[in-house]
Structure formats: structure tokens, C-alpha cells
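Open your viewer, set the cartoon representation going, and keep the selection box handy. This tour goes stop by stop, telling you what to pick and what you will find there.

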Amino acid sequence: MRDRETETKVQGVDIPAIEIKDVVKIYKLYDRARDRVKESLGLGRKQSHKLHYALNGVNMNIYRGETVGIIGTNGSGKSTILKIITGVLNPTSGHVHVAGRISALLELGAGFNMEYNGIENVYLNGTMMGFTDKEIDEKLPEILEFADIGDYVNQPVKTYSSGMFVRLAFAVAINIEPEILIVDEALSVGDVFFQAKCYHKFEEFKKMGKTIVFVSHDLSIISKYCDRVFLLNKGNLLGEGSPKEMIDAYKRVLVGQYEIQADGGHGGSGQAEGGCGSRGQAGAGRDGSIREDAGKCAQEEASGGRAARGVNPDAQEYGTKQAEIVDYYVTDERGVRAMAILKGSRFTLHMRVRFHDHVPAPIFALSIKNVLGIEITGTNTMIEKAYLESGEPGQVKDITFTQKMTLQGGEYLLSLGVTGYNGDTFEVYHRLYDVMDVTVVSDKDTVGYYDMESEVTVADAPQEARAAD
């Protein structure tokens, strides 16, 4: 996790735009509506409500020029903290200090009068943000051009679709020159073209040194745009750090395998027990037995260990270990173990799994990320309909994923997993994040993450087409 000193060096500033200190937000929950009325009138001796901590002693510092993401499961307090930052809600206790003009895009239609038309709502929102009518007059053409909702701008907003709503709301929020922009998941409503325009605006804001805070369930967007990420769960701040670190932690929260350590850090053993270079003796399984790859591990330790074969010595792992990944490596199209793959060739990821308990219908998974932590692609045996049997204690399975390498030249990280469903419950038996590095060697890189392998032709147009010109 990054401390303040490290973060300010990254950003080149040391002035917080938003300071959140020991913020608590408590709601009273009643089983019946009449209990609320009785308590408000002082009737009855027994307390008839339960206390719900939407936020429980949250501390955050967000610095000028940062783009910060807040992630967590539904009900974790993400929207609540944004509403407190923007002044929509007051905290039960604690303090929030904001330095700079805030523009917020929270719940759909928040701050809009449903009876007013679009232009009237632009002036209403601008006035609430402290602009004069003259200043709004100057910004109106840019706002309307960005929203691009045509003549609907003269109609009452109660007649708008959700897409029109978010277009106008974001156009107002983004074009009033805020110093701090707050966005809560609203962009998922717009169409793909509008979303692209909004994220392009994000890029402009970042270059201008604006502060952006947003909540999203789209982890790729969080990974791409954020400098730092806060992870909330059930009103508690579990951690803060790089997008990759917090996204990996969030995935553990989703399956109930995130542990808060005594030092305030988050769980994660750091290395795979089943691989070479684990804490114990090389080649030792979790039951103390010698694994089938023990000789290979000892040989690799002597020649430089895991890093020598492109394996991450600090890979994060977790799971119940009812099924355990005990070996993994990549081979090229000749079947030779390799850390570098030629673009356009076929390669295979090999994974060996030992079962320690009965596992109904295990799912073996592979995913590939870039160095920013953005998941580029991945698959599993359930998607591919490749394996639908159960695993039994003592069984060892070799799984291979063979595919053509169409990614652009560069460095990529492989993550592996064994998961499955036990009844209706999703179980993670063993997951290894960013466990291996693979280099793609290419003499032709196209735009984006992968090559569509386009076949391009250029020919003379027919005579009639040239004559028409």
C-alpha cells in the first residue's frame, strides 16, 4: 500500500483535495413502520430499532490531481461516502474537508427538477454550483453539444430516457470547470459512443491536473484510469493501494476469502505453496508429502529459482486448497518450455492440479492481464465445456490450454485458478494471481491489445466510380 509520502511523489503534489477523517454514518433500521412512529413519539420502553453502520470510521486522503477509484460489493458504503463528500448527506460523526469546486454525477437525475426542461435544469444546476446566469450563458453551447440530445433539450426531463438523463447530467458536470469531479457508476447507463466520449474527457481532466473520484463495478476501467484505489466492505475501509493490488483483494472479498491482518494489511500468502520456492522445503505438499515436481523444483532453485522460468515469486494466492495447483508452465508450438512466445504462433499453458478432497465439477481457469492489471482475455473449462466430472482425493489432473497468440508484442501476466460450485455456493479452491510472466515477441504490432489478423487489399476502383468523382 502507498503511504502519503510515496503518493505525493507520484502525483507531484502534497495538498489533499479531499480529507476524510473517522467518518461514521449510522442508520436506524425498523422492522415495522409503526415502530418508527412510536419511537419518534417516545412511546414504548424498549428500543425498536437496529443500528446499521453504512460507514464505520473511514479515513481517506485524496490528493490534487489524482484519479481515485472506490470499489466494493453492493452495500459496502461506496455511494454513501460520495454523498458525504458532496454534501448530499451529513456524517453521523467524523469530518470531511474538501478543497476545491466539486461537480458530482451521482444518482440518475439527482439535482434535476422533473418538471423543468433540459435547458432550465442546466441553469438550475449551474446556479446551485455557484455560477451566474451570464457564466452559464457562455457554457451553454458546449454543454448542449456534449449532451447531443437534440430538440429534447426543450422538453421536460421527466420525458427523458435514462440515456438522455445521463448525457445531460454528465454534460453539465463535466463542462462547468470543476476542480474535483465525482462520478458514481452513472456512465454505465449511456451508450457505448457516449461512454467513449466521457472517458476521453476523463483523459483530458487527468492531463489538466483535475481530481477525479469515481465508483464503478467495471474493474477494467478502474485499472486503466485510477492512480489509487480504496476498497470498502460493509462500511469498513479494507485497504488502499494500486489498482492491481486492490482489484485482486476485491476478488477475494467476493468469495469470502479476504482476511484483515493485525497490522492493518490485507490477506494473501504471497507465494503458492504448491510451486517451487514456497515457504517450506522445495517440493513439499501441504500434507508434508513430496510432490511429483520436487526434482524439477530443486533443479530450478539451484539455477535461480522461480524467477528464472518467468514465475512470480510474489504471486498472490488463496483458496480452501481442497484442490491445489502444484505445477504450471508454458510451452511454445514445438512443445518446448518457454517464457517468450512468437506472435502468430500457438502456445500451451500447462497446469497440474492435485485433489485433497472431493470436489464436485471443478472449473479450471486461465486469464491474461497486461502490466497495468487489465484483464485482456481468459477462459475456463466450464466455458469451453471441456471437463464436467468430479475430482476425488488423491487424483492428479493435467490441464492444458492451447491457443494462438494474437496479443501485441509486450509483457503479460498469467493467472490460474481452480474453482467450482458446491450446490449453489461458489467456491475458490486455489487461485494464483499474476503467477507467470510471458513475453510476446512481435515484428508487427497493430492498434490496441490484440491483432485482428486483417487481410488488407488496395485496388483500383471501377472506371464508373472514377468517372463519377
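A disulfide is here a pair of cysteine sulfur atoms within 2.5 Å. With that cut-off in mind, a search of the whole structure turns up zero disulfides. Please remember along the way that this is a predicted model.

**The whole protein**

Start with everything selected. The cartoon should show 11 helices and 18 strands. Of the 469 residues, 47% count as buried. Switch on a surface next: the accessible area comes to about 23,600 Å², and carbon and sulfur atoms own 50% of that. If you like contact maps, residues 24 or more positions apart make up 71% of the contacts with a separation of 6 or more.

**Two cysteines**

Now select Cys-198 and Cys-226. Are they buried or exposed? Cys-198 has a relative accessibility of 0%, so it counts as buried. Cys-226 has 8%, and therefore counts as buried too.

**Helix α7**

Cys-198 is one of the buried residues of helix α7, so make that your next selection, residues 192-207. This helix has 16 residues and spans 23 Å from its first C-alpha to its last, close to the 22 Å expected at 1.5 Å a residue. Show side chains for its buried residues: Phe-194, Cys-198, Tyr-199, Lys-201, Phe-202 and Phe-205. Look down the axis of α7, and you will see these buried residues fall within an arc of 150°, so they line one face of the helix. Turn to the face pointing away from the buried side to find the exposed residues Val-192, Phe-193 and Lys-207.

What do the buried residues of α7 pack against? Bring up α5 (133-147), α6 (162-174), β6 (180-184), β7 (211-215) and α8 (219-225), and you have the answer. Before leaving, click on Gly-209, just after α7, which takes a positive phi of about 80°.

**Aromatic rings**

Colour the aromatic side chains. A pair of aromatic rings is described by the distance of the centres and the angle of the planes. With centres required to lie within 6.5 Å, the count comes to 11 aromatic pairs.

Zoom in on Tyr-160 and Phe-165 for one of them: the ring centres are 6.3 Å apart and the planes meet at 70°, so the pair is edge-to-face. Both Tyr-160 and Phe-165 are buried.

Then move to Phe-170 and Phe-202. Their ring centres lie 6.2 Å apart with the planes at 55°, so this pair is tilted. Phe-170 sits in helix α6 and Phe-202 in helix α7, so the pair ties together parts that are 32 residues apart in sequence. Phe-170 is buried at a relative accessible area of 0%, and Phe-202 is buried at 1%.

Widen the selection to include Phe-146, Phe-170, Tyr-199, Phe-202, Phe-214 and Tyr-225: together they form one aromatic cluster.

**Ser-103 and its neighbours**

Next, pick strand β5, residues 102-105, where Ser-103 has its place. At 0% relative accessibility, Ser-103 counts as buried. Which residues does Ser-103 touch, leaving aside those up to four places away in sequence? Display Met-129, Ala-173, Ile-176, Pro-178, Ile-180, Leu-181 and Ile-182 to see them.

**Helix α3**

Select residues 78-86 for helix α3. Seven of its nine residues are buried, so α3 is largely enclosed by the rest of the structure. The buried ones are Lys-78, Thr-80, Ile-81, Leu-82, Lys-83, Ile-84 and Ile-85. Just after α3 comes Gly-87, with a positive phi of about 85°.

**Two backbone angles to finish**

Most residues other than glycine have a negative phi. With a Ramachandran panel open, click on Ala-361: its phi is near 45°, a positive value in a residue other than glycine. Ala-361 belongs to the loop between β13 (346-355) and β14 (363-370), and is partly exposed, with a relative accessible area of 34%.

For the last stop, go to Asp-434, whose phi is also positive, near 50°. Asp-434 lies in strand β18, residues 425-441, and is buried, with a relative accessible area of 1%.

Definitions and conventions:
Residues are numbered from 1 along each chain as its sequence is written. Side-chain values use heavy atoms; hydrogens and water are left out. Buried means under 20% relative accessible area, exposed over 50%, partly exposed in between (1.4 Å probe, protein chains only). Helices (H or I, at least four residues) and strands (E, at least two) are DSSP runs, numbered from the N terminus. Contact means heavy atoms within 4.5 Å. Accessible areas come from the Shrake-Rupley method with a 1.4 Å probe; for residues, only the protein chains shown count as cover. The expected span of a helix is 1.5 Å times one less than its number of residues. The arc is that of the directions from the helix axis to the C-beta atoms. Rings of Phe, Tyr and Trp (its six-membered ring) pair if their centres lie within 6.5 Å; planes under 30 degrees apart count as stacked, over 60 as edge-to-face and the rest as tilted.
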